[in-house]
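Work through the exercises below with the model open. Try each task before reading its solution.

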There are 2 protein chains.
Amino acid sequence: MTDLADAVVAPPAADPSAVAAPAGTAAPAGPARRDEEPRWLSPVERAAWLRLLAVVELLPGVLDTQLRKDSGFSHFEYQTLAMLSEAPERTLRMTALAERTNATLPRLSHVVTRLAERGLVERAACPTDGRATNVILTDDGWAAVVGAAPGHVRTAREAVLDALSPAQVAALGEIAAQILTRLDPEGRMTDPGA
Amino acid sequence: MTDLADAVVAPPAADPSAVAAPAGTAAPAGPARRDEEPRWLSPVERAAWLRLLAVVELLPGVLDTQLRKDSGFSHFEYQTLAMLSEAPERTLRMTALAERTNATLPRLSHVVTRLAERGLVERAACPTDGRATNVILTDDGWAAVVGAAPGHVRTAREAVLDALSPAQVAALGEIAAQILTRLDPEGRMTDPGA
DNA sequence: CTCCTTTAGTTGACACAACAACTATAGCGC
DNA sequence: GCGCTATAGTTGTTGTGTCAACTAAAGGAG
């Protein structure tokens with residue numbers, strides 16, 4: 001994994017003569033401008049980072065492929081339907097749904113249009129706010145989620161959970177929670193109600 | 001995080017009357033067809049899975065945004081250039097580069113075309129195999145990677161590493177390695193040489 | 001040497017996501 | 001109640017990614 005490691009995270013050093021200054025882990029001899037001198041990664045940090053990057057790169061494809069094949073949904077479509085299936089009345093406002101799925105409003109609007117064409121969701125004007133649109137999961141949509149869920153869970157096991165010891169699963173939960181304090185400080189994806 | 005949790009991973013149970021069979025964690029009363037009865041996730045598993053999913057969803061956007069803003073690259077373009085910067089002669093075959101970046105050959109071909117238009121890489125016929133194409137990082141491309149690396153490392157710290165204790169970083173490395181045995185059994189992304 | 005299969009890569013058509021521009025309603029100040 | 005600004009969504013355009021078809025060279029069987 002040396003190539004990937006160095007390439008992504010350290011400045012390129014394959015040709016050391018060409019890049020003296022930014023290559024090293026240590027600061028240059030002279031007084032460094034602090035803002036521009038990054039703290040390079042330690043070997044342990046580098047390994048963790050690169051592997052996380054690989055997971056982040058590969059996992060979406062695995063999920064997408066399984067869902068597409070077994071149920072005809074993209075992962076994003078599945079998440080959209082799943083969020084609705086959990087909501088009271090199986091209904092959510094566009095904005096609320098976009099937050100929970102980490103989608104922009106335009107993206108969600110397009111996806112909802114396509115799902116509506118397939119009869120899985122419906123749009124309805126919000127009675128209390130003329131600007132808002134409610135999205136409602138239809139019975140067909142409900143059935144589709146229920147049908148797709150088992151395969152999705154199986155994939156989660158095969159691709160991730162079953163590769164880990166129980167202690168590692170717990171640790172992963174902790175670690176991911178820590179990371180999310182940076183990536184999602186408001187907890188929009190993890191804590192919809194708040 | 002209850003909504004997200006249940007929605008993605010458990011079958012929808014907001015309206016219990018509507019979905020008796022597939023909702024529960026326990027097997028139905030009758031003799032279950034083993035292939036179709038998934039093992040639902042325990043609370044700990046579910047929490048870990050959903051948070052991992054959120055990280056996987058959010059991290060690419062963060063990386064992309066920072067690189068795009070500070071250096072004008074997508075994360076994939078950066079990875080492509082970085083791989084080349086590490087390679088002997090700053091040169092790689094299309095196929096080798098595609099493996100290291102987890103790209104399909106068509107995708108890489110398009111990206112290389114665009115990078116070549118910007119003068120960052122060059123195509124060259126492989127002298128030993130008439131079918132192959134070598135991609136070479138130009139001096140401009142080299143300079144671009146060197147310029148982009150510090151910001152990328154800083155983002156890696158801010159978004160992930162600095163949120164974790166040293167022990168957690170080490171644990172993350174272990175866990176991600178375990179997951180990659182499932183996602184990437186051949187180690188193509190993590191072990192280019194082999 | 002010739003045919004056939006496999007490998008390497010490019011190209012073009014289509015699908016989807018990001019961004020920007022636009023419409024329409026709500027809510028507020030006066 | 002008039003006008004302003006902010007909010008909620010939709011629509012169109014543009015850039016990437018995926019898939020399928022295609023070209024071309026390498027390697028093997030006869």
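**Exercise 1. Find which element gives the largest share of the lining of the largest pocket, then describe that pocket.**

Solution. Helix 2 of chain B gives the largest share, 7 residues. Helices here are DSSP runs (H or I, at least four residues), numbered from the N terminus. A pocket is an open set of points on a 1 Å grid over the protein atoms alone, with protein on both sides within 12 Å along at least five of seven lines; lining residues have an atom within 4 Å of a point.

This is a predicted model: local features need pLDDT of at least 70, side-chain atom pairs count only at pLDDT 80 or more, and totals for chains, interfaces and linings use all residues. Residues are numbered from 1 along each chain as its sequence is written, chains are lettered from A in the order in which they are written, and side-chain values use heavy atoms, with hydrogens and water left out.

Next, the elements. Helix 2 (43-71) and helix 3 (75-86) of chain A, and helix 2 (43-71) and helix 3 (75-86) of chain B, each supply at least two lining residues. The lining has 24 residues; A:Val56, A:Glu57, A:Pro60, B:Val56 and B:Pro60 lie nearest the pocket centre. The pocket volume is about 530 Å³, taken as the space filled by probe spheres set on the points.

**Exercise 2. Identify the residues that line the largest cavity.**

Solution. A cavity is a set of points where a 1.4 Å probe fits but cannot get out. The structure holds 1 cavity of 30 Å³ or more. The largest cavity has a volume of about 80 Å³. Chain A and chain B residues line it, including A:Leu52, A:Ile175, B:Leu52 and B:Ile175. Helix 2 and helix 7 (166-183) of chain A, with helix 2 and helix 7 (166-183) of chain B, each give two or more.

**Exercise 3. Locate the contacts of A:Gly130 and A:Arg107 with DNA strand C.**

Solution. Start with A:Gly130: a backbone N or O atom lies 2.9 Å from a phosphate oxygen of DNA strand C. For A:Arg107, an N or O atom in the side chain is 3.1 Å from a phosphate oxygen of the strand. Then check the strand's side: of its atoms within 4 Å of the protein, 76% belong to sugar or phosphate.

**Exercise 4. Compare the expected and actual span of helix 6 (residues 139-159) of chain B.**

Solution. The helix has 21 residues; at 1.5 Å a residue it should span 30 Å. The expected span is 1.5 Å times one less than the number of residues. The end C-alpha atoms are 30 Å apart, which agrees.

Technical notes:
A residue is near a molecule or strand if one of its heavy atoms lies within 4 Å of it. A polar contact is a pair of N or O atoms within 3.5 Å; within protein, one must be able to donate a hydrogen and the other to accept it, and residues adjacent in sequence count only if both atoms are side-chain atoms.
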